[in-house]
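Me: I would like to understand the labels people attach to a structure like this one. Could you take me through the reasoning behind them?

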Amino acid sequence: MTAETGQSSGSKPSDDAWAKLVPLDTKFSDIEIRSNDFVICSEIKPSSLERLEWCRITKNLGHASATIHNKSSDAILVDEAVIPKDGVVDIRCGSEIVPGPHGQGYLQYRFTIMPAPESRTQLLKISIDPENAKCSICLNIWHDVVTAAPCLHNFCNGCFSEWMRRSEEKHRHVLCPQCRTAVQYVGKNHFLKNIQEDILNVDATLRRPAEDIAVLDSSASIQSNLIIGSKRKRRSNILSPPLEERERLRLQCPQCVANIGSYRCEHHGAHLQCHLCAGMMPFRANLQVPLHCMGCDRPFCGAYWSSVNVTQGVSSPVCSRETFKPIAERTVTRIPFVTHEMNRHEQDITQRCIVQMGKTVPDVVAEWFTRFNNREIDRSRMPLNHAEMITTSTHVCNDCYDKLVGFLLYWFRITLPSSRLPDDVAAREDCWYGYMCRTQHHNEEHARKRNHVCRPTRGNHPL
Ligand SMILES: [Zn+2]
Ligand SMILES: [Zn+2]
Ligand SMILES: [Zn+2]
Ligand SMILES: [Zn+2]
Ligand SMILES: [Zn+2]
Ligand SMILES: [Zn+2]
């Protein structure tokens with residue numbers, strides 16, 4: 001057994017260190033841990049000049065954790081738990097260690113495991129933007145990541161379980177919190193779990209406090225690699241018919257089951273599956289209400305079912321009228337997320353301009369819908385299908401409505417005289433690539449410093 005002193009002076013910063021203790025007070029330097037069994041000898045208080053031997057750290061098999069042995073004469077704190085003199089506890093990358101019995105007055109260290117040497121040489125290096133490994137519910141790096149199908153969005157097990165529980169209280173189906181696709185399966189994702197762990201090992205500051213993790217784990221209900229449907233469905237399976245029978249029933253729309261509004265589906269009659277709720281509706285010609293959104297050509301069932309006064313399905317979900325209605329009946333409360341190619345600096349500017357004019361977003365959008373209806377706007381860049389056919393009495397889905405409002409706000413901004421813009425905004429130069437610029441999506445500074453509500457003047461883009 002080797003006993004070494006940490007921070008032995010003169011030692012070159014070596015590649016051999018497998019871990020280090022990083023003091024949270026940056027005035028102090030890192031303590032590199034080089035051997036598999038290492039006695040730490042360092043300051044324990046910011047004020048103390050002498051270095052004391054206060055703990056031993058032993059590497060565990062498998063590189064992911066270590067054991068800390070309290071060698072000081074008093075208790076120490078590890079991840080906020082009190083470890084008595086001579087006590088031993090496991091630590092992992094990110095663990096917080098305080099070399100005294102109470103946090104106050106002692107230095108604080110974070111235990112950080114370095115990437116294993118073999119992984120530097122033998123494994124492919126890939127770089128991942130941690131932003132792409134975040135749960136869109138809690139906005140943290142995933143914890144115990146699960147994947148929803150068919151859209152393949154990823155969430156923390158705890159977050160998604162809670163979402164599922166709440167959805168089931170209100171609806172008969174679970175929509176993906178990120179894209180609102182009806183979720184048919186959800187399961188643990190082991191591959192992404194490794195990525196999640198790697199990211200947290202590289203950047204321990206992305207870890208959340210132990211108590212947050214405990215809360216998250218307590219609501220996690222997804223145990224298998226792939227489960228079908230929701231808890232409610234699984235519970236009712238006990239009493240329900242065998243699988244094939246159930247599958248057949250699941251695909252039956254309310255009018256397959258009963259005559260509603262003097263219509264009943266024919267046996268094996270053609271159906272459309274709603275893009276939003278994944279429920280079925282009969283495919284009927286010559287109806288007064290549309291079955292498809294004109295902006296995206298996807299089927300939506302909200303208008304159809306409300307036209308026959310169906311608000312709830314028996315074995316298949318049904319959307320409310322609110323999800324698919326004419327533009328004129330919709331309201332906008334704030335600038336949609338998709339506006340200005342999702343560049344939030346430009347969204348802020350638009351918001352500021354509107355406020356400066358003494359108006360609100362609904363006012364401005366209403367004005368521009370009037371111009372739109374009067375065909376005063378060039379629709380060649382309108383991001384919807386059948387752009388020339390759309391009027392404010394056209395039914396569109398939520399996504400298409402947001403896109404259309406974003407399109408009108410582009411026109412609001414581009415036609416605004418520069419005297420109406422805040423000074424700092426008017427002073428910005430146009431980005432050559434205008435709204436087509438891809439840099440604005442990953443370079444915060446560029447997105448802020450250049451105007452992107454303008455037409456491209458470079459590249460092979462139509463002006
Ligand atoms: Zn989450
Ligand atoms: Zn999704
Ligand atoms: Zn039917
Ligand atoms: Zn649409
Ligand atoms: Zn629907
Ligand atoms: Zn740009």
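Reply: Gladly! Let's start with the word donor: donors are N, O and S atoms within 2.8 Å of the metal (3.2 Å for Na, K and Ca), and water is not among the atoms, so sites may look incomplete. The donors of the zinc ion (ligand 6) follow the spacing C-x5-C-x8-H-x5-H along the chain. One note on the source: this is a predicted model, where local features need pLDDT of at least 70, side-chain atom pairs count only at pLDDT 80 or more, and totals for chains, interfaces and linings use all residues. Residues are numbered from 1 along each chain as its sequence is written, chains are lettered from A and ligands numbered from 1 in the order in which they are written, and side-chain values use heavy atoms, leaving out hydrogens and water.

Me: What makes Cys 431, Cys 437, His 446 and His 452 donors of the zinc ion (ligand 6)?

Reply: Their SG atoms (the cysteines) and NE2 atoms (the histidines) lie at 2.0 to 2.2 Å from the zinc ion. The cut-off for this metal is 2.8 Å, so they count as donors.

Me: Why is the site of the zinc ion (ligand 6) called tetrahedral?

Reply: Four donors earn that word if all angles lie between 85 and 135 degrees. Here the angles among the four donor atoms are 97 to 118°, so the site is tetrahedral.

Me: Why is Cys 437 called buried?

Reply: Buried means under 20% relative accessible area, exposed over 50%, and partly exposed in between (1.4 Å probe, protein chains only). Cys 437 has 1%, so Cys 437 is buried. His 452, at 4%, counts as buried too. Across the protein, buried residues make up 44% of the 463 residues.

Me: How do you know that β4 and β5 pair?

Reply: Strands (E, at least two residues) are DSSP runs, as are helices (H or I, at least four), numbered from the N terminus. Two strands pair if DSSP finds at least two bridges between them. Strand β4 (residues 52-59) and strand β5 (residues 65-70) have five bridges in the antiparallel sense, so they pair. Thr 58 stands opposite Thr 67 in β5.

Me: What makes the link between the side chains of Asp 37 and Thr 58 a polar contact?

Reply: The term needs a pair of N or O atoms within 3.5 Å; within protein, one must be able to donate a hydrogen and the other to accept it, and residues adjacent in sequence count only if both atoms are side-chain atoms. The two side chains are 3.1 Å apart in their polar contact, and Asp 37 lies in strand β3. At 12% relative accessibility, Asp 37 is buried.

Key:
Four donors count as tetrahedral if all angles lie between 85 and 135 degrees; four count as square planar and six as octahedral if opposite donors are over 155 degrees apart and all others between 65 and 115; anything else is irregular.
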